[in-house]
Amino acid sequence: MTQRLVAGVDTSTQSTKVLVCDADTGAVVREGRAGHPDATEVDPAHWWRAFGEATRDGLLDGVAAIGVGGQQHGMVLLDEAGDVVRDALLWNDTRSAGAATDLIAELPGGAAAWAAATGLVPVASFTVTKLRWVAEHEPANAARAASVLLPHDWITHLLRADRSGGPTTDRGDASGTGYWSPESGTYQPELLRLAFGRDLAVPRVAGPAEAVGETVAGALLAPGTGDNMAAALGLGLRPGDVVVSLGTSGTVFGVSERPVTDTSGTVAGFADATGRHLPLVATLNAARVLSAAAALLGVDLSTLDELARSAAPGAGGLTLLPYLDGERTPNLPDARGLLNGLTRGNATPANLARAAVEGMLCGLADGIDAVRTLGVPVERVLLIGGAAASAAVREVAPALFGVPVAVPDPGEYVALGAARQAAWVLDGGAEAPAWQVPGTATGTQAVAESPAQTRKVYADVRDRAQALLR
């Protein structure tokens with residue numbers, strides 16, 4: 001039997017990763033990657049260049065279907081000719097924080113009305129606030145703009161051999177714009193007009209397993225989705241599983257059968273890539289907290305890990321509020337980091353390393369509590385992302401999270417989810433194919449729950465961190 005191949009693309013903040021997988025088993029056959037500029041606004045041409053570099057030397061030979069997962073919220077403005085108007089503003093660009101505050105105030109009913117209409121309360125990350133910023137600060141660019149896409153929409157559209165049908169998106173990525181409703185499954189044009197001052201063309205929302213075109217080579221194009229939705233698909237999330245991802249940003253998300261509304265804005269009521277919902281909490285500061293602490297101490301990450309593990313839980317009373325790049329949750333875009341409780345007795349490299357690990361994880365623990373409060377079951381945590389490789393993180397997480405933690409084998413789960421979606425499109429079936437991801441089975445690589453006394457110490461750590469926000 002001839003092996004059927006599918007490809008999944010992750011066009012993320014930092015790089016493009018491409019996995020070529022067996023459509024029936026999910027086994028990775030080939031892979032490639034290329035970097036992106038390290039910035040909060042980027043010419044989308046860099047993403048297309050990176051895709052070309054990542055797929056050179058015949059990486060996509062024999063591929064029958066392709067799916068694209070992309071960083072959420074990025075604003076790609078196009079003119080009437082389909083040309084990019086300005087560099088894309090990415091999710092981690094916080095210049096539109098004031099616009100978010102204004103938009104909440106301008107909609108009758110405020111935050112509650114936004115949450116009811118879109119599942120979101122505006123913050124600087126979302127596309128809708130970036131549109132307002134451009135309308136206010138760059139009127140010439142705003143006048144040129146004819147349509148707005150998200151990063152994955154733009155790459156998918158460029159992959160089409162026939163672009164006459166116009167761009168498409170999916171419900172997962174559309175749910176992060178601030179002008180689409182996960183509950184009704186429709187755009188909210190009045191909110192887009194409120195933000196931008198006039199209408200803009202938006203991509204059609206395709207079904208979860210709908211083929212949206214073909215490449216020049218004849219491969220089917222899957223609808224693609226946002227990065228968190230693709231990761232959920234790649235991991236095969238089931239009810240009761242909650243993912244904590246520790247990458248550039250930190251995220252907490254789980255599967256829900258119903259839409260979730262949080263008027264505080266802590267939990268974003270996203271849709272997922274399967275027809276269900278994906279309540280999510282995001283923080284701006286995750287793995288980079290550890291790299292910043294390592295740089296401060298003049299050590300590499302492995303040494304930081306050793307230092308953190310050598311210190312006692314609670315870091316001797318030292319608490320790090322790790323808002324090094326501002327923060328999204330809580331919504332404090334202009335915040336800065338704070339080291340509290342420093343004494344001569346606890347001023348050691350080991351305690352600082354421990355405080356960095358604990359501080360980073362405290363924000364994610366609050367996120368778990370937030371989704372649980374909205375009725376999302378939390379039976380175990382799947383810990384992924386670059387910082388999940390840290391032994392200190394894996395030891396501290398169960399005590400702070402209060403549930404068992406499983407650590408899936410390291411992998412590119414966004415690209416894997418996009419590939420799984422491509423296999424779903426290729427099969428034309430009712431459900432995505434069942435791919436087994438090593439390390440996600442019950443009990444596999446499970447990290448033992450910490451003793452009650454250690455958990456009490458971490459309850460005190462969380463209390464100290466919360467006190468710094470008052």
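Modeller: On a 1 Å grid over the protein atoms alone, a cavity is a set of points where a 1.4 Å probe fits but cannot get out, while a pocket is an open set with protein on both sides within 12 Å along at least five of seven lines; lining residues have an atom within 4 Å of a point. This model is predicted, so local features need pLDDT of at least 70 and side-chain atom pairs pLDDT 80 or more, while totals for chains, interfaces and linings use all residues. Residues count from 1 along each chain as its sequence is written, and side-chain values use heavy atoms, without hydrogens and water.

Biologist: Which residues line the second largest cavity?

Modeller: They are Val-148, Leu-150, Asp-153, Thr-169, Ala-174, Thr-177, Tyr-179, Tyr-187 and Pro-203. This cavity has a volume (the space filled by probe spheres set on the points, which are joined across faces, edges and corners) of about 40 Å³.

Biologist: What classes do the residues of that lining divide into?

Modeller: There are 6 nonpolar, 2 polar and 1 charged. Ala, Val, Leu, Ile, Met, Phe, Trp, Tyr, Cys and Pro count as nonpolar, Asp, Glu, Lys and Arg as charged, and the others, Gly among them, as polar.

Biologist: How many cavities of 30 Å³ or more does the search find?

Modeller: The whole structure has 2, and the largest has a volume of about 60 Å³. Its lining includes Trp-91, Ser-125 and Arg-328.

Biologist: What is the volume of the largest pocket, and which residues are closest to its centre?

Modeller: The volume is about 950 Å³. Of its 42 lining residues, Ser-245, Gly-247, Thr-248, Gly-385 and Gly-386 are the closest to the centre. Helix α9 gives the most to this lining, with 3 residues.

Biologist: Why is α10 called roughly perpendicular to α11?

Modeller: Helices α10 (residues 287-297) and α11 (residues 301-310) pack at about 90°, with axes 9 Å apart. Angles of 65 to 115 degrees count as roughly perpendicular, so α10 is roughly perpendicular to α11. The angle runs from 0 to 180 degrees between N-to-C directions, and axes are lines fitted to C-alpha atoms over the stretch in contact. Helices (H or I, at least four residues) and strands (E, at least two) are DSSP runs, numbered from the N terminus.

Biologist: What makes the protein chain as compact as a globular protein of that length?

Modeller: Its radius of gyration, taken over C-alpha atoms, is 22 Å. The globule rule (2.2 Å times the number of residues to the power 0.38) gives 23 Å for 470 residues; the two values are close, so the chain is as compact as a globular protein of that length. The chain holds 15 helices and 23 strands.

Note on methods:
Angles under 35 degrees count as roughly parallel, over 145 as roughly antiparallel, 65 to 115 as roughly perpendicular and the rest as oblique.
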